[in-house]
Amino acid sequence: LIVTFVMGDYSDSDPTMSVPLSPSPGLNLSPYDFPVDPSVWSKEEEFVFSAESTKKRSWNEKMFFRTGSSYLSGISIGGTWGLYEGLRNPDGKTLRLRVNSILNGVTRRGPFVANNVAVLALMYSCVDAVVIKLRSGQDDVYNSVGSAIGTGVLFKCTSGPRAVLFAGALGGGFALLYAFGRYAWENRKSLLPASTLYQ
């Protein structure tokens, strides 16, 4: 009664309420969806300027992104490592000494991991730019694997041949694993059975 008093009496005879629940002919829409033709929504990426559709990130943009994200990831992982060490093996019997031990562990491990990972990202960006230049601008998975191997070799070039081979193999393995994971994620709909996608 209160709703009827405030908003009025809406019935089937009201012309403003004669909105069809079924979509227009030729549209495969549910009667519970908004009556909008799905074809108006473009599935392709749209850009303000047409030249942006073929534009790629420059070398310095990739370098800053890789170095910055690697440093943040490294300091998070290293800080967690130092926190774990400080909690597991606290130095001192008082609370203040234990907190100081935890902080020392975090500040010791965090920058160490972050600096090394950021240097690796910087070296990878430089090697990748050289590889792309040598291959006449072609950028594909072979560049990533080759650049990762070159980065590992360059990073351990002063540690002897065994360390150099191990670092190069480790870098190439990580690059292959990343490329495989990215391919599997981008093509997950075609790789997985249709019945598992809607569970």
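**Entry 1: Val117**

I started at Val117, which is partly exposed because its relative accessible area is 30%. The model I am reading is a predicted one. I placed Val117 in helix α3. Then I looked across from Val117 to Ser73, 44 residues away along the chain. Their C-alpha atoms are separated by 8.4 Å.

**Entry 2: the whole chain**

I stepped back to the overall make-up. I counted six helices and zero strands. Read from the N terminus, the order is α-α-α-α-α-α. The chain has 199 residues, and 18% of them count as buried. I also checked contacts between residues at least 6 apart in sequence. Of these, 51% join residues at least 24 apart.

**Entry 3: salt bridges**

How many salt bridges are there by this rule? I got six. I went through several of them.

I took Lys62 and Asp139 to begin with. Their closest N and O atoms are 3.4 Å apart, and the pair forms a salt bridge. Lys62 belongs to helix α2 (residues 59-88), while Asp139 sits in the loop between α3 (95-134) and α4, so this pair ties together parts 77 residues apart in sequence. I checked burial on both sides. Lys62 has a relative accessible area of 18%, so I noted Lys62 as buried. Asp139 comes to 39%, so I noted Asp139 as partly exposed.

I moved on to Arg66 and Asp128. This salt bridge has its closest N and O atoms 3.7 Å apart. Arg66 is in helix α2 and Asp128 in helix α3, so the link joins parts 62 residues apart in sequence. Is Asp128 buried or exposed? Asp128 is buried, because its relative accessibility is 4%. Arg66 is partly exposed, at 22% relative accessible area.

I then turned to Glu85 and Arg109. Their side chains meet in a salt bridge at 3.1 Å, N to O. Glu85 lies in helix α2 and Arg109 in helix α3, so parts 24 residues apart in sequence are tied together here. Glu85 is partly exposed at 21% relative accessibility. Arg109 is also listed as partly exposed, at 21%. I found that Arg108 comes in as well: Glu85, Arg108 and Arg109 are linked in a network of salt bridges.

**Entry 4: rings**

I stayed with Arg109 for one more check. Which ring does the charged end of Arg109 sit over? The ring belongs to Trp81, and the charged end is 4.2 Å from the ring centre. I then searched the whole structure for aromatic pairs and found zero.

**Entry 5: helix α4**

I tested the length of α4 next. Its 15 residues should span 21 Å at 1.5 Å a residue, and the end C-alpha atoms are 21 Å apart, which agrees. I looked at the N-terminal end, which is capped by Asp140. A side-chain oxygen of Asp140 lies 3.2 Å from the backbone nitrogen of Tyr142.

I listed the buried residues of α4: Asn143, Val145, Ser147, Ala148, Thr151 and Gly152. What do they pack against? They pack against α3 and α5.

**Entry 6: Asn143**

I picked out Asn143 for a closer look. Asn143 is in helix α4 (residues 141-155). Its relative accessibility is 0%, so Asn143 counts as buried. I checked for polar partners of the side chain. A polar atom there lies 2.5 Å from the backbone oxygen of Gln138.

I then set aside sequence neighbours within four places and read off the contacts of Asn143. They are Asp128, Val131, Ile132, Arg135 and Gln138. I had met Asp128 before, as the salt-bridge partner of Arg66.

**Entry 7: helix α5**

I closed with helix α5 (residues 161-186). I expected 38 Å for its 26 residues at 1.5 Å a residue; the end C-alpha atoms are 37 Å apart, which agrees. I noted Val164, Ala167, Gly168, Gly171, Gly172 and Ala175 as buried in α5. The buried residues of α5 pack against α4. I had noted the contact from the other side too, since the buried residues of α4 pack against α5 as well as α3.

Note on methods: Residues are numbered from 1 along each chain as its sequence is written. This is a predicted model: local features need pLDDT of at least 70, side-chain atom pairs count only at pLDDT 80 or more; totals for chains, interfaces and linings use all residues. Side-chain values use heavy atoms; hydrogens and water are left out. Helices (H or I, at least four residues) and strands (E, at least two) are DSSP runs, numbered from the N terminus. Buried means under 20% relative accessible area, exposed over 50%, partly exposed in between (1.4 Å probe, protein chains only). A polar contact is a pair of N or O atoms within 3.5 Å; within protein, one must be able to donate a hydrogen and the other to accept it, and residues adjacent in sequence count only if both atoms are side-chain atoms. Contact means heavy atoms within 4.5 Å. The expected span of a helix is 1.5 Å times one less than its number of residues. A salt bridge is a side-chain nitrogen of Lys or Arg within 4 Å of a carboxyl oxygen of Asp or Glu. Rings of Phe, Tyr and Trp (its six-membered ring) pair if their centres lie within 6.5 Å; planes under 30 degrees apart count as stacked, over 60 as edge-to-face and the rest as tilted. A charge sits over a ring if NZ of Lys or CZ of Arg is within 6 Å of the ring centre and within 35 degrees of the ring normal.
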